[in-house]
Amino acid sequence: MQPSSSAAPIVLIVDDDELVLKSIDGLVRSAGYRSALYASAVELLSKPLPEGVRCLVADVRLPLVSGLDLQAELAKRGERVPILFITGHGDIPMSVRAMKAGAVDFLSKPFRDQDLMDAIACALLEDIRLKELEIELESLRARYESLTSREREVLQLVSSGLLNKQVASELGLSEITVKLHRGSAMRKMCAQTLAQVIRMMEALERGTLQNHTPV
C-alpha cells in the first residue's frame with residue numbers, strides 16, 4: 001500500500017534545473033509521497049528540514065554549494081538523512097566519495113523512472129532503520145543514566161576486560177560488593193551477558209548503534 005496521509009514519507013529534492021525538479025516531484029507524488037523542493041543546497045540549508053521519515057535526492061553539481069558539500073554539511077550538523085545523488089556529469093571518483101560518505105545510491109542522468117523510485121524506496125527504508133536505532137540508543141542512554149555512580153564505575157571496568165577481583169582491587173571494594181554492583185547494573189541495563197554489556201558501552205561511547213542487534 002502506498003502512503004497517502006500527511007504522515008507519508010517526504011522526499012527532499014534539490015536541483016537547479018526546474019524541469020528536473022518538477023519531473024521528480026511528479027514522480028514522488030504519484031507514488032503517494034510528500035515532497036519539498038529546493039533550487040539549491042543553500043536554500044535547503046537555510047531552513048529547518050521537514051520532520052518524519054525522509055530522504056534527500058540531490059544533484060551533485062549545484063551552484064555555490066555542491067551536492068557533496070551539502071552531504072558533508074548535513075553530517076556536520078548531525079542531520080541523518082539518507083541521500084541519493086543524481087548527476088549528468090558524474091565520474092567514478094565522485095561516486096566513490098559520495099558512497100563512502102554514506103550516500104544510498106548514485107544515479108547518472110538520464111535514468112529510468114523506476115530506478116529512481118526504487119532508490120528512493122531504499123533510502124526511505126534506511127531512514128526508518130536509522131530512526132529505530134536512534135530510539136534504541138536513547139533507551140540505552142536512559143538505562144545508563146539510571147545507574148548509580150558506583151555501578152557505572154564497575155560496569156566500565158568490567159567492560160574493559162577486568163575480572164571481578166581486579167575491579168575490586170581497583171576500586172578498593174570486596175569482590176562480593178563488586179558482584180552485587182555488577183549484577184544490579186546489568187539488570188538495569190537489561191544485559192544478560194558480558195558481551196552485551198561491552199556492546200552497550202561501546203555504543204554509548206560512539207554515540208551510535210551500528211546494527212539491529214538488540215542492546
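This section describes the nonpolar cores, an aromatic pair and a helix crossing in a predicted model.

The largest nonpolar core comprises 23 residues. Within this core, the residues with the most contacts are Leu12, Val14, Leu44, Leu56, Leu70, Leu74 and Phe85. Two or more residues are contributed by each of the strands β1 (10-14), β2 (34-38), β3 (54-59) and β4 (83-87), and likewise by each of the helices α2 (41-45), α3 (67-76) and α4 (92-100). The surroundings of leucine 56 illustrate how such contacts are distributed along the sequence. When residues up to four places away in sequence are not counted, leucine 56 touches Leu12, Val14, Leu44, Leu70 and Leu74, together with Val81, Pro82, Ile83 and Leu84. Apart from the largest core lies another, of 20 residues, which includes Val11, Val28, Ile86 and Leu116.

A search of the whole structure for aromatic pairs returns one. It is formed by phenylalanine 85 and phenylalanine 106, whose ring centres are 6.3 Å apart. The ring planes stand at 50°, an angle that is neither under 30 degrees nor over 60, and the pair is therefore classed as tilted. Phenylalanine 85 belongs to strand β4, whereas phenylalanine 106 belongs to strand β5 (residues 105-108); the pair therefore ties together parts that are 21 residues apart in sequence. Both partners fall under the 20% limit for burial. Phenylalanine 85 has a relative accessibility of 0% and so counts as buried, and phenylalanine 106, with a relative accessible area of 14%, is buried as well. Phenylalanine 85 is also listed among the residues with the most contacts inside the largest core.

Helix α1 (residues 18-30) and helix α5 (residues 113-145) form a crossing in which their axes come within 11 Å, at an angle of roughly 65°. The crossing is right-handed. On the α1 side, the contact is made by Ile24, Leu27 and Val28; on the α5 side, these residues meet Asp113, Leu116, Met117 and Ile120. By class, the contact has six nonpolar residues and one charged residue, with no polar ones. Two of the residues in this contact, Val28 of α1 and Leu116 of α5, are also members of the core of 20 residues.

The loop between α1 and β2 contains alanine 31. Its relative accessibility is 14%, under the 20% limit, so alanine 31 counts as buried. The C-alpha atom of alanine 31 is separated by 8.4 Å from that of methionine 117, although the two residues are 86 residues apart along the chain. Methionine 117 is itself one of the α5 residues that meet α1.

Note on methods
Residues are numbered from 1 along each chain as its sequence is written. This is a predicted model: local features need pLDDT of at least 70, side-chain atom pairs count only at pLDDT 80 or more; totals for chains, interfaces and linings use all residues. Side-chain values use heavy atoms; hydrogens and water are left out. Axes are lines fitted to C-alpha atoms, for helices over the stretch in contact, and angles run from 0 to 180 degrees between N-to-C directions. Helices (H or I, at least four residues) and strands (E, at least two) are DSSP runs, numbered from the N terminus. A crossing is left-handed if the near helix is turned anticlockwise from the far one by less than a right angle, and right-handed if clockwise. Contact means heavy atoms within 4.5 Å. Ala, Val, Leu, Ile, Met, Phe, Trp, Tyr, Cys and Pro count as nonpolar, Asp, Glu, Lys and Arg as charged, and the others, Gly among them, as polar. A nonpolar core is a set of buried Ala, Val, Leu, Ile, Met, Phe, Trp, Tyr and Cys residues joined through side-chain atoms within 4.5 Å. Buried means under 20% relative accessible area, exposed over 50%, partly exposed in between (1.4 Å probe, protein chains only). Rings of Phe, Tyr and Trp (its six-membered ring) pair if their centres lie within 6.5 Å; planes under 30 degrees apart count as stacked, over 60 as edge-to-face and the rest as tilted.
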